[in-house]
Amino acid sequence: HLMIGLPCSGKTTYARQLAGKTDALLLILDVWHLKLFGHDVGHEDHDKRHERIEKIMWDVAKHVLGIGGDVILDYGCWARVERDDYRNRAKELGADFKLHYMDVPYSELYRRLEERNRNLPEGAFEIPKAEMDRYITIFQPPTGDELV
């Protein structure tokens, strides 16, 4: 299971619900990142750190999938090329693959962002509005053929 969406779209909430209904291993990128590096949104190494954690998490996921388990990756995967890569990786392992896209209007994302930043939940980053503005410009929503 690969969670897709921008911050505040409900990915982690949904991923936790899904994990509660299945025996899947839940890997939440932001939780690991915060424990390792703290609140570093806007830091020049933030994205590199995220990528390193993703690689480690994939190694764990690959092992679990290899022994027949299920995995939920709460990454975001904003680019089509990333999603295609994970789809191909799962296929190579003989694992099923499913995208879960949290399609939330931008106005609602900003409302949730404001609330989240006021009452920051454990395991979540505080994200300045300017960062969300930037994220929206680089996010590539999944197309219909990806969601089948």
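**Exercise 1.** In this predicted model, what share of the 148 residues counts as buried?

*Solution.* Start with the cut-off: a residue is buried when its relative accessible area is under 20%. By that test, 40% of the chain's 148 residues are buried. Now turn to the surface: about 8600 Å² is exposed, and carbon and sulfur atoms supply 50% of that area.

**Exercise 2.** Work out why the chain's radius of gyration agrees with that of a compact globule.

*Solution.* First, take the expectation: for 148 residues, a compact globule should come out near 15 Å. Next, look at the chain, which has 15 Å, so the two agree. Then add the extents of the C-alpha trace, about 40 × 35 × 30 Å along the principal axes.

**Exercise 3.** List the order of the elements from the N terminus on.

*Solution.* Count up six helices and four strands, then read them off as β-α-β-α-α-β-α-β-α-α. As for contacts between residues at least 6 apart in sequence, 69% of them join residues at least 24 apart.

**Exercise 4.** Which residues have the most contacts inside the largest nonpolar core?

*Solution.* This core has 30 residues, and the best-connected ones are Leu-2, Trp-58, Val-71, Leu-73, Tyr-75, Tyr-86 and Met-132. Next, sort by element: those supplying at least two core residues each include β1 (2–4), β3 (71–76) and α6 (129–138). The top contributor is α3, with six residues. Apart from this core sits another one of seven residues, including Met-3, Ala-24, Ile-72 and Met-102.

**Exercise 5.** Beyond its neighbours within four places in sequence, what is Met-132 in contact with?

*Solution.* Set those neighbours aside, and you're left with Pro-7, Cys-8, Leu-109, Tyr-110, Leu-113 and Ile-127.

Notes: Residues are numbered from 1 along each chain as its sequence is written. This is a predicted model: local features need pLDDT of at least 70, side-chain atom pairs count only at pLDDT 80 or more; totals for chains, interfaces and linings use all residues. Side-chain values use heavy atoms; hydrogens and water are left out. The radius of gyration is taken over C-alpha atoms; the globule rule is 2.2 Å times the number of residues to the power 0.38. Buried means under 20% relative accessible area, exposed over 50%, partly exposed in between (1.4 Å probe, protein chains only). Contact means heavy atoms within 4.5 Å. Accessible areas come from the Shrake-Rupley method with a 1.4 Å probe; for residues, only the protein chains shown count as cover. A nonpolar core is a set of buried Ala, Val, Leu, Ile, Met, Phe, Trp, Tyr and Cys residues joined through side-chain atoms within 4.5 Å.
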